Amino acid sequence: MLQQDQITRSTDYDALACRFSCHLKKYLQDKYLEAIISGTLKYQLLAIDSEYKRLAVRRQLSKQFFGLFDGTGKAKLTAKLPVVLKSPVINRGTWIRTRAIDLVVDKWLAAKTATPVQIIILGCGSDTRGMRLLENNSNLTVVEIDFEETCRIKKYSILDQELLRSAVGAQPEPEPTTVEQFNASSAALDTPRYHLVPLDLRQLHSMTQLPAVDPSLPTLVLSECCVCYMEDVESDRVLQFLRENLAEAVLVVYDPIGGESPGNYGEIMLKNLSMRGIQMPSLLKYSTIEKQHERLQKLGFESTNVSDLSYIYSHWIPEDELAAINRLELLDELEELNLINRHYCLIVSSWGSPWHLPLPSQI
Ligand SMILES: C[S@@+](CC[C@H](N)C(=O)[O-])C[C@H]1O[C@@H](n2cnc3c(N)ncnc32)[C@H](O)[C@@H]1O
């Protein structure tokens with residue numbers, strides 16, 4: 001795997017650590033989270049063939065997950081809080097991101113209870129949303145796609161623990177014990193209602209690569225911080241491919257947007273990302289919600305809801321819920337939170353059979 005792709009993959013652990021912090025602070029409840037982190041750490045370490053590198057990664061992962069997992073990935077959650085978690089502003093941002101996507105997905109599912117449906121998650125990483133959705137929606141099939149290495153770690157994390165196995169309806173399988181066996185094993189997982197597809201999305205060119213997807217079913221495609229890591233032509237190709245091959249679908253894209261002002265947020269964000277070697281080609285090109293909207297229109301999508309997270313924070317969340325969130329921890333940096341939230345967008349588009357999200361849209 002290319003070094004650049006390894007770096008892109010590693011962004012999943014940032015998202016996972018942010019969700020874990022939110023979970024510990026009770027912004028979000030996710031009964032699968034501890035198990036998936038445990039497995040992710042265990043199998044990420046098993047995938048590394050150099051002892052020296054393994055030690056370095058173990059140290060780094062331990063720090064990333066607040067020292068709450070031991071070197072084999074076992075949780076040490078009996079350790080007394082407070083440990084230092086993410087800052088209130090990061091927790092609030094992660095919460096609104098997750099909550100906004102949950103709202104869209106739940107409203108779409110609520111409109112589709114009478115028919116079998118599927119959700120395709122692009123760049124799923126170690127997210128557990130698919131598991132949570134399977135639990136509450138018996139008409140749903142979930143197809144998750146990510147790089148092979150990420151899928152292999154997720155697959156064995158799922159198979160390793162009864163809680164996760166039963167969430168996706170998988171049977172136990174003998175697990176590879178050496179690095180060589182592990183890295184040579186299949187990264188795919190298929191159960192009647194859950195499919196984990198190891199695929200570099202930039203290589204997606206035929207529906208034969210997605211045998212689990214039924215193109216005739218109503219589909220929700222979710223890209224939560226995924227297409228932003230691809231070159232524009234590549235992400236356009238992926239989105240266009242789905243547009244052409246799925247009869248009736250809703251596309252939900254959550255992406256950072258760089259903004260327009262001089263010395264803008266996007267330039268600073270790119271500088272920070274580049275220090276870690278991360279590239280985000282679309283950040284300045286599609287720097288506003290209007291530009292993201294135009295981009296999707298050009299690709300033939302009909303966007304029905306285009307908003308930034310600051311708008312969503314103040315227009316989608318009921319007041320009593322916001323009040324409960326405000327009580328979780330003190331947030332002094334409200335201005336900073338608004339600034340950050342203005343630099344993330346959520347776009348809902350549909351084709352085939354138009355679906356309008358029953359929530360206000362910024363444009
Ligand atoms: C920031 S993480 C987000 C993970 C998850 N969607 C979430 O929000 O928690 C980005 C994910 O997209 C995946 N990704 C990026 N480019 C990809 C590609 N070309 N093919 C498959 N997966 C990709 C990465 O491996 C990573 O898991």
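Which residue is the bridge partner of L222 in β6? The exercises below work up to this and beyond.

The model is predicted: local features need pLDDT of at least 70, side-chain atom pairs count only at pLDDT 80 or more, and totals for chains, interfaces and linings use all residues. Residues are numbered from 1 along each chain as its sequence is written, and side-chain values use heavy atoms, with hydrogens and water left out.

**Exercise 1. Find the bridge partners of L222 and L220 in β6.**

Step 1. Helices (H or I, at least four residues) and strands (E, at least two) are DSSP runs, numbered from the N terminus. Two strands pair if DSSP finds at least two bridges between them.

Step 2. Strand β5 covers residues 219–224 and strand β6 residues 249–256; the two run parallel and are joined by six bridges.

Step 3. L222 has V252 as its bridge partner in β6, and L220 has V250.

**Exercise 2. Place the strands in their sheet and identify the edges.**

Step 1. The eight strands form an open sheet with mixed pairing, in the order β3-β4-β2-β1-β5-β6-β8-β7.

Step 2. β3 (189–190) and β7 (302–308) each have a single partner strand, so one side of each has no neighbour in the sheet and they stand at the edges.

Step 3. As background, strands of a sheet pair through backbone hydrogen bonds, either parallel or antiparallel.

**Exercise 3. Decide how enclosed β6 is.**

Step 1. Apply the cut-offs: buried means under 20% relative accessible area, exposed over 50%, and partly exposed in between (1.4 Å probe, protein chains only).

Step 2. On one side of β6, A249, L251, V253 and D255 are buried; on the other, V250, V252, Y254 and P256 are buried too, which leaves both faces covered.

Step 3. Eight of the eight residues of β6 are buried, so the strand is largely enclosed by the rest of the structure.

**Exercise 4. Describe the packing of α4 against α5.**

Step 1. Axes are lines fitted to C-alpha atoms, for helices over the stretch in contact, with angles from 0 to 180 degrees between N-to-C directions. The axes of α4 (residues 88–110) and α5 (residues 129–136) come within 12 Å and cross at roughly 35°.

Step 2. The crossing is right-handed, that is, the near helix is turned clockwise from the far one by less than a right angle.

Step 3. With contact meaning heavy atoms within 4.5 Å, α4 contributes T98, I101, D102, V105, D106 and L109, and α5 contributes R129, R132 and L133.

**Exercise 5. Examine two residues with positive phi, F66 and C225.**

Step 1. F66 is not a glycine, yet its phi is positive at about 60°. F66 sits in the loop between α3 (51–64) and α4, and its 12% relative accessibility counts as buried.

Step 2. C225, also a residue other than glycine, has a positive phi near 50°. The loop between β5 and α9 (232–245) holds C225, which counts as buried at 16% relative accessibility.

**Exercise 6. Characterise Q297 and its distance to S349.**

Step 1. Q297 belongs to helix α12 (residues 289–298) and, at 45% relative accessibility, counts as partly exposed.

Step 2. Q297 and S349 are 52 residues apart in sequence, while their C-alpha atoms are 9.1 Å apart in space.

**Exercise 7. Summarise the chain.**

Step 1. The chain has 15 helices and eight strands.

Step 2. Of its 363 residues, 56% are buried.

Step 3. The C-alpha trace spans about 50 × 50 × 40 Å along its principal axes.
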